[in-house]
Structures are given as structure tokens and as C-alpha cells.
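Let's walk through this fold together, from its charged contacts to its rings and strands. Have your viewer ready to pick out side chains as we go.

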Amino acid sequence: MSDIARAVAFYEGRLGLVALRTAPSATIADGSRIYASGGGPALNVYQSVTAGKTPATLATWYVDDIDAIVDELSSAGIEFVRYEQIDHDPKGITERAGGGRIAWFQDPDGNTFAVEADV
């Protein structure tokens, strides 16, 4: 993220992630947050001048009920990305090649994330 305070507002306030700890990021004393993400892996969000520069999906959360998660995130103000070359349902969810469903969203810097389900 280009601004850690804005990152905290998004990741904690909108996504509801729980910070496990804060850490330094380069010369910024509290410029990083480590967030719980499911049962094991963690998501490291840190202030960086290169935030939002990649068009690739940076992380995907695999969920059991994608409709419920998309509804919950939409209620929190998250807007789902709709790509012109892909068909999306009214919620912004698309069928995944090989089965399953996926929906993409972006943080305030334009970093892309996804939620995905096998059914």
C-alpha cells in the first residue's frame, strides 16, 4: 500500500482482517501489518512506493460459500472488478475454467485480490 493508515482502514475496517502484529517496513517504524488469513498462512501488507503496480492477482482466499463472502464484502463497501472479456453474474462472480467460481476486488491502490470456491 502507498499509505499504511489507508491500508489499515481497508484491510481491517472493510475486509475485517485481524492484525497479528505490526512490524517495520524499510524506514517506517509501523509500516507493516501481518494479518491472520485462514488457519495457517498470513498476509503481510506493507507501505511501498510500488503499490498497485502489478496487474496480477496478489492473493486469493479460498472459501466455502463464495456467494455469502461476496455479499458480506459488498455490504462492507467492496466493489468487485468486472473484466470485459469474462462473463460475470450480477454479484461479479464468474465461472472458473475447470470448475468453481471466482470474484476479484481491489484495494485502494489497485492491488488485485480474489475470493474463490470450488463449487
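## Terms and ground rules

A salt bridge here is a side-chain nitrogen of Lys or Arg within 4 Å of a carboxyl oxygen of Asp or Glu. This is a predicted model, in which local features need pLDDT of at least 70 and side-chain atom pairs count only at pLDDT 80 or more, while totals for chains, interfaces and linings use all residues. Residues are numbered from 1 along each chain as its sequence is written, and side-chain values use heavy atoms, with hydrogens and water left out.

## Confidence

How does the predictor rate its own work? pLDDT is the predictor's confidence in each residue, from 0 to 100. The chain has a mean pLDDT of 89, and 97% of its residues reach 70 or more. Helix 2 has the highest confidence, at 97, and strand 3 the lowest, at a mean of 83. Helices (H or I, at least four residues) and strands (E, at least two) are DSSP runs, numbered from the N terminus.

## Salt bridges

Searching the whole structure turns up eight salt bridges. In one of them, D67 meets R101, with the closest N and O atoms 2.8 Å apart. This contact links distant parts of the chain: D67 belongs to helix 2 (residues 66-75) and R101 to strand 7 (residues 101-106), 34 residues apart. R101 also forms a salt bridge with D89, at 3.3 Å from N to O. Here strand 7, which holds R101, is joined to the loop between strand 5 (80-81) and strand 6 (94-95), where D89 sits 12 residues away.

What about solvent access? The scale calls a residue buried under 20% relative accessible area, exposed over 50%, and partly exposed in between (1.4 Å probe, protein chains only). R101 is buried, at 15%, while D67 is partly exposed at 25% and D89 is partly exposed at 22%. These three residues belong to a salt-bridge network that links D67, D71, D89, K91, E95 and R101.

A further salt bridge joins R96 to D118, their closest N and O atoms being 3.1 Å apart. R96 is in the loop between strand 6 and strand 7, and D118 is in the segment after strand 8 (112-117), so the pair ties together parts that are 22 residues apart in sequence. R96 is partly exposed, with a relative accessible area of 23%, whereas D118 is exposed at 59%.

## Aromatic pairs

Rings of Phe, Tyr and Trp (its six-membered ring) pair if their centres lie within 6.5 Å; planes under 30 degrees apart count as stacked, over 60 as edge-to-face and the rest as tilted. The structure has eight such aromatic pairs. Y11 and F113 make an edge-to-face pair, 6.0 Å from centre to centre with 85° between the planes. Since Y11 is in helix 1 and F113 in strand 8, the pair ties together parts 102 residues apart in sequence. Both residues, Y11 and F113, are buried.

F113 also pairs with W61 in a tilted arrangement, with 5.7 Å between the centres and 40° between the planes. W61 lies in strand 4 (residues 57-62) and F113 in strand 8, so this contact ties together parts 52 residues apart in sequence. W61 is buried at 16% relative accessible area, and F113 is buried at 5%. One aromatic cluster takes in F10, Y11, Y35, W61, F80, F105 and F113.

## The three-stranded sheet

Two strands pair if DSSP finds at least two bridges between them. Three strands form an open sheet in the order 1-2-3, with antiparallel pairing. Strand 1 (19-25) and strand 3 (42-46) are the edge strands, each pairing on one side only. On average, neighbouring strands of this sheet are turned by 30° against each other, direction ignored.

Strand 1 pairs with strand 2 (residues 28-36) over five bridges, and A19 stands opposite Y35 in strand 2. Strand 2 and strand 3 also pair over five bridges, with S32 opposite Y46 in strand 3. Side chains alternate along strand 3: L43 and V45 point to one face and are buried, while A42, N44 and Y46 point to the other and are not.

Helix 1 (residues 4-14) lies across strand 1, strand 2 and strand 3, running at about 15° to strand 2. Contact means heavy atoms within 4.5 Å; axes are lines fitted to C-alpha atoms, for helices over the stretch in contact, and angles run from 0 to 180 degrees between N-to-C directions.
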